[in-house]
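Q: Got a minute? I'd like to go through this structure with you.
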Amino acid sequence: MTEHAPHALAAALLPLVGGPGNVTSVAHCMTRLRLGLADRGLVDEEALRALPGVLGVVDDATYQIVLGPGTVARVAPEFEALLTPGQADGLAARGERLRQERRERNATPVKLTLRRIANVFVPLIPALIGCGVLAGVNGLLVNAGLLPGLTAALAAISSAFMSLIAVFVGHNTAKEFGGTPVLGGAVAAVVVFPGVAKVTAFGLPLTPGQGGVLGALAAALLGTWVEKRCRDRIPATLDVLLTPTVTVLVAGLATLYGLMYAAGSVSAAIGTAANWLLTTTGALAGLLLGGLFLPLVMLGLHQALIPIHATLIDERGSTVLLPILAMAGAGQVGAALAVYVRLRHDTPLRTTIRSALPAGLLGIGEPLIYGVSLPLGRPFLTACVGGAAGGAFLGVFAMLGDPVGATAIGPSGWALFPLLAGERGLAATAAVYAGGLLTGYAAGFAATYAFGLRKA
C-alpha cells in the first residue's frame with residue numbers, strides 16, 4: 001500500500017456513501033469501516049462493491065464496508081478527516097439517535113446484550129494477537145535452544161498483557177455499559193492483585209487471577225451499577241468524593257467475597273466442559289461446531305463465544321474452539337471455488353470470487369459470504385457442509401490426544417498458523433490444522449459442485 005493509498009480510498013468512499021452530509025458516525029473494527037448513515041438510499045452500493053480495496057459491504061445496525069485488517073485502521077482516520085470539523089465533533093450525538101432507532105427495530109434484547117459484551121472484548125484482540133505471536137516465537141526459540149538471553153525478555157513481553165487482561169476487561173466493560181472506565185478497571189484489578197492471596201472466602205484462600213475475565217466482567221458490571229445508583233442519590237457537592245469511594249468499596253468487597261469464587265468456578269467448568277466435549281465426543285462436536293458457525297454469524301449469536309474464547313485463553317493458554325470454528329471459513333472457500341468452476345460464463349461473479357478468495361484464505365469471510373454464497377442460496381448451505389467436515393477432522397484428532405488450540409482470537413484461516421498451540425509441538429499441531437483446512441476446502445467444493453447450484 002502506498003503512502004497516499006488510505007487517503008485516496010477514503011476520498012473515493014465518501015461520495016459513494018452519500019457525501020459528508022449523509023454520514024452520522026464513523027467507527028471501525030478489525031476488518032470493517034462502520035458508518036452511521038442518515039439515508040441509506042443515497043449509497044451507490046454497486047459502485048461501492050466495485051471500488052478497488054473494498055472487499056464487501058454489510059447492511060446491519062451500521063453500514064459496514066469490509067476493507068480488511070490493517071487497511072481499515074489506516075482508512076478510518078483519513079475518512080473521518082474528510083468530514084468538516086463541526087460535523088466530526090457532532091457525529092456521536094447525531095449518530096446515537098439513528099443507531100438507537102435502528103437497534104430497536106432490528107435487534108432483539110439477546111442480540112443487543114451479546115453485541116455489547118463483544119464490544120468489551122473486540123478492542124483487546126490486537127493485543128491478544130501480538131502477544132500470542134510473540135509467545136509462539138518464544139516457544140520455538142526455547143525448544144530450539146536459541147537466543148537464551150532473549151527468551152526471558154520475550155516471555156515477559158508476551159505474558160504481561162495476559163496477566164493484566166482483567167483490568168482492560170473492567171475498563172472496557174464500564175465504558176460500554178455507561179460507567180467510568182477507570183473505576184471499572186480499578187474494581188477489576190482486584191481480581192489479579194497478588195494481595196488477594198491473603199483473603200479467605202468460603203473457607204478457602206483466594207488465588208490471584210481467580211475468576212479471570214469473567215470475574216473482571218462481573219466486577220465491572222456491578223461497579224457500574226453501583227456508580228449509577230450513587231450518581232442518582234449523592235448530592236453533587238459530595239459526588240466527586242463519595243461516588244468513586246462507594247463504587248470501589250462495594251464492588252470490591254463483592255468481588256472478593258463472592259464474584260471471584262463464583263466466576264472461578266464457572267471458568268473452571270468452561271475449561272473442563274470444552275476439554276470433555278472434544279476428548280469424548282470430538283468428531284460429533286467438531287461437526288456441529290464447524291457446520292453451525294456460519295449460521296451463528298448470520299444471526300449475530302457468535303458473539304456469545306468471545307468471552308468463552310477469552311476465558312479459555314486466560315485459564316489454559318489457548319482456546320480449542322476457535323480452530324474448529326475456523327473450519328467454517330474453509331468450507332466457504334471450497335464452496336466459492338466450486339461456484340467459480342461451475343459458472344464459467346458468469347464473468348462478474350467470477351471476478352468477485354477472484355478478488356475475495358485471498359481474503360477468504362486468510363479467514364476474512366464476509367466478501368465470499370455476502371458477495372457469493374448468500375446471494376446464491378444453496379452454496380451457503382454447502383459451505384456449512386465443508387465447515388462440518390473440517391470441524392469433524394479436528395475433532396477426531398482431539399479424541400486421539402492431539403487437540404488444536406489458538407493463543408488469540410480474531411484470525412482464522414491461514415492467518416491462524418502463527419497462533420496455534422498444541423500438546424505435541426507446533427509442527428504436529430500445524431499439520432493437523434492444515435489437514436482440517438484441506439478437508440474443509442475439499443468437502444465444501446464437492447458438496448457445492450454436486451448440489452450447490454441449480455441445473456440450467
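A: Sure. Keep in mind that this is a predicted model. A good place to begin is strand β3, residues 56-59, which runs antiparallel to strand β4, residues 63-66.

Q: How many bridges join β3 to β4?
A: Four bridges join them.

Q: And what links β3 to β4 along the chain?
A: A hairpin does, through three residues.

Q: Which residue in β4 does Asp59 stand opposite?
A: Asp59 faces Tyr63 there.

Q: New topic: pockets. How much space lies in the second largest pocket?
A: About 750 Å³.

Q: Which residues lie nearest its centre?
A: Gly317, Ser318, Thr407, Ala421 and Gly422 do. The lining of the second largest pocket has 36 residues. Elements giving two or more residues to that lining include α8 (148-163), α12 (236-299) and β8 (420-421).

Q: Which element gives the most to that lining?
A: Helix α7 does, with 10 residues.

Q: What classes of residue make up the lining of the second largest pocket?
A: It has 19 nonpolar, 15 polar and two charged residues.

Q: Now confidence. What's the mean pLDDT of the chain?
A: The mean is 87, and 93% of the residues reach 70 or more.

Q: Which helix has the lowest mean pLDDT among the elements?
A: Helix α4, residues 85-89, at 48. Helix α10, residues 181-192, has the highest, at 96.

Q: Where is the pLDDT below 50?
A: Over residues 86-96. In the model, that stretch has 18 contacts beyond near neighbours in sequence.

Q: How should I treat low pLDDT?
A: Where pLDDT is low, don't read the predicted coordinates in detail.

Methods. Residues numbered from 1 in each chain as written. Predicted model: local features only at pLDDT ≥ 70, side-chain atom pairs only at ≥ 80, totals over all residues. Heavy atoms only, no water. Pairing = 2+ DSSP bridges. 1 Å grid on protein atoms, 1.4 Å probe; cavity = no way out; pocket = protein on both sides within 12 Å on 5 of 7 lines; lining within 4 Å. Points joined across faces, edges and corners; volume = space filled by probe spheres on them. Nonpolar A, V, L, I, M, F, W, Y, C, P; charged D, E, K, R; others polar. pLDDT = per-residue confidence, 0-100. Contact = heavy atoms within 4.5 Å.
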